[in-house]
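Colleague: I should be grateful for a short discussion of this model. May I put some questions to you?

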Amino acid sequence: MLKLSGVMPALVTPFDAPGEIDFAAFEKHLTNLRAAGVSGWVPSGSSGEYNLMSDDERDQVLRFVKDFAKPGETLIAGTNAPSTAGVIANTRRAKEMGYHAALLAVPFYTKPTQDEIIRHFKAVVEATDMNIVLYSYPGKDGVEIGYEALDALADDPRVIGIKESSGVMQRAIGISTRYAGRLQLVSGSDDIAWDFMHWGADGWICGPANCMAKPVCEMDAAFRKGDHDRAKEIMQALWPAMNVLESGKFVQKLKYGCELQGNPVGECRMPFGPLTDAEKAEFAAAMQPILNWK
């Protein structure tokens, strides 16, 4: 089974002023993240505005990140689509490019039942033979990948883990204990990532890593070395900014955070709107300890 470990940023997609993908800014961004110590790459997820891009643009992003990656860096492609057929097609293309796994939420807009979730994911793995990391984010998708579905999927060797983004600690504990040795728990609730680590999450698919990669990677490294006090100290420094991120306009704030770091990646595509001056000021204030990180 592919081992998911370390900080894998859920990548933003840089856009230039006319709104096209800015590959020069993308390369600079990836270079900075690698220097901070990330363990892999997760392009074309929700942080990457995949739902606002054409299939061709998504493929361009996946190829660019694949070509940038070095051996030993984990490659997980976001291949979501509204339909099962679309997910299968996207996942097949990602596999052909050389991705190690796909990150998949439930198809958006449909709010499927647990039986429909099971049928959907089983169809994807059978049609693609690709490693799948499930992505449970009920706050965005309107439905949870529940234990009924996880029970049915956990023993398929191609379903390797779940990014848990409910923000509910009991869910992380339940997944960690119920599926020990069967599903890898991946931290997806960034503001409680330290708690996830205590419950066995070795991997962290992390949106905030785009604009706070150094302390995020340092926290992960400290925990792995057994220095839990230092990891907690870093989490306490990160928490105010992460809390502001979770309050709304998540992707816009990620991109503004990159700008604050001297690494501009452009604006979000519509229908995402710009941050207000007050929202920028609030996030900039929360980011101060991170901007001054040594």
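The exchange below concerns the nonpolar cores and some backbone features.

Modeller: This is a predicted model, in which local features need pLDDT of at least 70 and side-chain atom pairs count only at pLDDT 80 or more, while totals for chains, interfaces and linings use all residues. Residues are numbered from 1 along each chain as its sequence is written, and side-chain values use heavy atoms, with hydrogens and water left out.

Colleague: Which helix gives the most to the largest nonpolar core?

Modeller: A nonpolar core is a set of buried Ala, Val, Leu, Ile, Met, Phe, Trp, Tyr and Cys residues joined through side-chain atoms within 4.5 Å; buried means under 20% relative accessible area, exposed over 50% and partly exposed in between, with a 1.4 Å probe and protein chains only. The largest such core has 86 residues, of which Trp41, Met212 and Met219 touch the most other members. Helices (DSSP runs of H or I, at least four residues) and strands (E, at least two) are numbered from the N terminus. With nine residues, the greatest contribution to this core comes from helix α9.

Colleague: Is Glu49 buried or exposed?

Modeller: Glu49 lies in the loop between β2 (40-41) and α2 (55-68), and has a positive phi of about 60° although it is not a glycine. Its relative accessibility is 0%, so Glu49 counts as buried.

Colleague: What is the relative accessible area of Tyr109?

Modeller: Tyr109, in the loop between β4 (101-104) and α4 (114-128), also has a positive phi, near 80°. Tyr109 is exposed, with a relative accessible area of 79%.
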